[in-house]
Amino acid sequence: MTTLRNRLSIVALSLALALVLAACGGSNEADTPDEPTATPRATATPSVSSVNTDDAPPPPTPVPDPTATPTPDPQAGPQGTEGLLAPELAGISSFINTEPFTLEDLRGDKVVLIDFWTYTCVNCIRTLPFLKEWHEKYSDAGLVIVGVHAPEFEFEKLEENVQMAVDEWGIEYPVVLDNDHVTWDAFLNRSWPAKYLIDKDGTIRYTHFGEGEYIDTEDEIRKVLAELDEDVASIEHSNIVDADFHLDALAEDPLEGLTRELYAGVERNYGALQFGGSPYVLHEEYYQGLGRVVEYEDIDEEHFNQFIYLQGSWINELEHLRHARVTENYEDYIYVNFRAAEVNVVLTIGDSDDPYDVRVLVNDEPVKEEQAGLDIQWDDEGNSFITVEEPRMYRVIQLDDFEGHELKLSSNSDQFRVFAYTFGAYVEEQPLP
């Protein structure tokens, strides 16, 4: 029986051999843009034709660490920024809901709340209702919320895609597109979502990274607004209580805890391996070259939480996995054994821009109504599916409790593209923006 340690050993050895080949000119380096992520990126895209795994050493990290706090974003933001002058907006390619402006334009009579976000980030999406409420309550008192959209994936750089999300969620405050992460880098930012509260003199007075602490954040907003001689005491405080997290999600054994965010693209998988972490895709052949049609066989007797498994024909791209052929009976699939209360997946339409359906199975059965996320539909025969019509995050599973299940996605279309899975473990379903 294949063990998790053996599978990771095989993948780790594949990467080691690939990097040797890359250093010796045996493969081409991928020309990839910098990405604002706490996970270091791989520097080369290897091509390995065969790997001897008989004596593969154990990897440095046999399993991923579980999320250690109720916020599924474990990365801390930069330290020491409070009390410093905020850097200027820079490298902005587009302005939504506003004419072009600078932070300096707002000094003297405005307080600014910078929110770094990207529209497929579930943690960002969960904070939007509170941002919208603060905009509605405090904009007349001098608060300007600026959503700095710093994309994680290439398709998120398109203004029409960001505008689609802004319209769908009813965002009325200014949104600026930081496609090259120039403003992100100027703030030394490292996570989505991230908030920086800037006073009338342009000084950063408060920072918060990830979800939660909404009462504290609103307290700070009110405190800094009061310095504008505005009467904020007459505005009712929201007193938003942070949501409870399922304690089982914080299990010490990562195979029993909340499933981490899972990335399907080569960049993130090689980045994780190259820097001593665990990969997301547990197939040796995945690491034998970029942009190739690979025939996968899902032969594992046991599927481990925290990883992606494949069956059939797939092409591994820098940011996503792409279904490589047209099928008739959903014989090709992408599979995860998850532990969570909520499952979302980032998908896009293909080059044809035509919608396509993705069949969704839980434990090899159609999704039940009490398990279904908002994007699940059913046909006349009771089969559960989602229709991919636009590039975004799709809500697939929503459970009443923290549970473990097998999730299988498959499509007959060769336009099927999978970027990432995200998972949640809140006791109650979180409000939509």
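This passage describes the fold, the cores, two helices and several notable residues of a predicted model.

The protein chain contains seven helices and 17 strands. Of its 433 residues, 57% are buried. Contacts across the sequence are well represented: among those with a separation of 6 or more, 76% join residues that lie 24 or more positions apart. The chain exposes about 18,300 Å², and carbon and sulfur atoms supply 44% of that area.

Turning to the interior, the largest nonpolar core has 114 residues. Ile-114, Trp-134, Ile-334, Leu-347, Leu-407 and Tyr-421 are the members with the most contacts inside this core. Ile-334 offers a useful view of the packing. Leaving out residues up to four places away in sequence, Ile-334 touches Ile-308, Tyr-309, Leu-310, Trp-314 and Leu-321, together with Leu-407, Lys-408, Leu-409, Phe-416, Val-418 and Tyr-421. A second core of six residues is separate, and Phe-304, Phe-307, Tyr-333 and Tyr-335 are among its members.

Two helices merit a closer look. Helix α3 covers residues 122-138, and its 17 residues should span 24 Å at 1.5 Å a residue; the end C-alpha atoms are 25 Å apart, in agreement with that expectation. Along the way, α3 bends by about 35 degrees at Leu-128, with a proline, Pro-129, following within four residues. Because 13 of its 17 residues are buried, α3 is largely enclosed by the rest of the structure.

Helix α6, residues 214-226, has 13 residues and an expected span of 18 Å at 1.5 Å a residue, which agrees with the 18 Å between its end C-alpha atoms. Its buried residues are Tyr-214, Thr-217, Glu-218, Glu-220, Ile-221, Arg-222, Val-224 and Leu-225. A general point about helices helps in reading such a list: an α-helix has 3.6 residues a turn, so residues three or four places apart point the same way. The cover over the buried residues of α6 includes helix α3 and the strands β2 (111-117), β3 (143-149), β5 (194-198) and β6.

Strand β6, residues 204-209, carries His-208. This histidine counts as buried because its relative accessibility is 7%, under the 20% cut-off. Its side chain reaches two backbone oxygens, that of Glu-211 at 3.0 Å and that of Gly-212 at 3.0 Å. Leaving aside neighbours within four places in sequence, His-208 is also in contact with Pro-193, Ala-194, Lys-195, Glu-213 and Thr-217. Thr-217 is one of the buried residues of α6. Pro-193, another of these partners of His-208, lies in the loop between α5 (182-186) and β5. The peptide bond leading from Trp-192 into Pro-193 is cis, with omega near -20 degrees.

Backbone geometry also draws attention to two aspartates. Asp-229 has phi near 65 degrees, a positive value in a residue other than glycine, and is placed in the loop between α6 and β7 (262-263). With 73% relative accessibility, Asp-229 counts as exposed. Asp-353, likewise not a glycine, has a positive phi of about 65 degrees. The loop that holds Asp-353 runs between β11 (333-348) and β12 (356-362). At 51% relative accessibility, Asp-353 counts as exposed because the cut-off is over 50%.

Conventions. Residues numbered from 1 in each chain as written. Predicted model: local features only at pLDDT ≥ 70, side-chain atom pairs only at ≥ 80, totals over all residues. Heavy atoms only, no water. Core = buried A, V, L, I, M, F, W, Y, C linked by side-chain atoms within 4.5 Å. Buried < 20%, exposed > 50% of the residue type's maximum accessible area, 1.4 Å probe, protein only. Contact = heavy atoms within 4.5 Å. Areas by Shrake-Rupley, 256 points an atom, 1.4 Å probe, with all protein chains shown as cover. Expected span 1.5 Å × (residues − 1). Bend = angle between axes of the 7 residues up to and from the residue. Polar contact = N/O pair within 3.5 Å; in protein donor to acceptor, adjacent residues only side chain to side chain.
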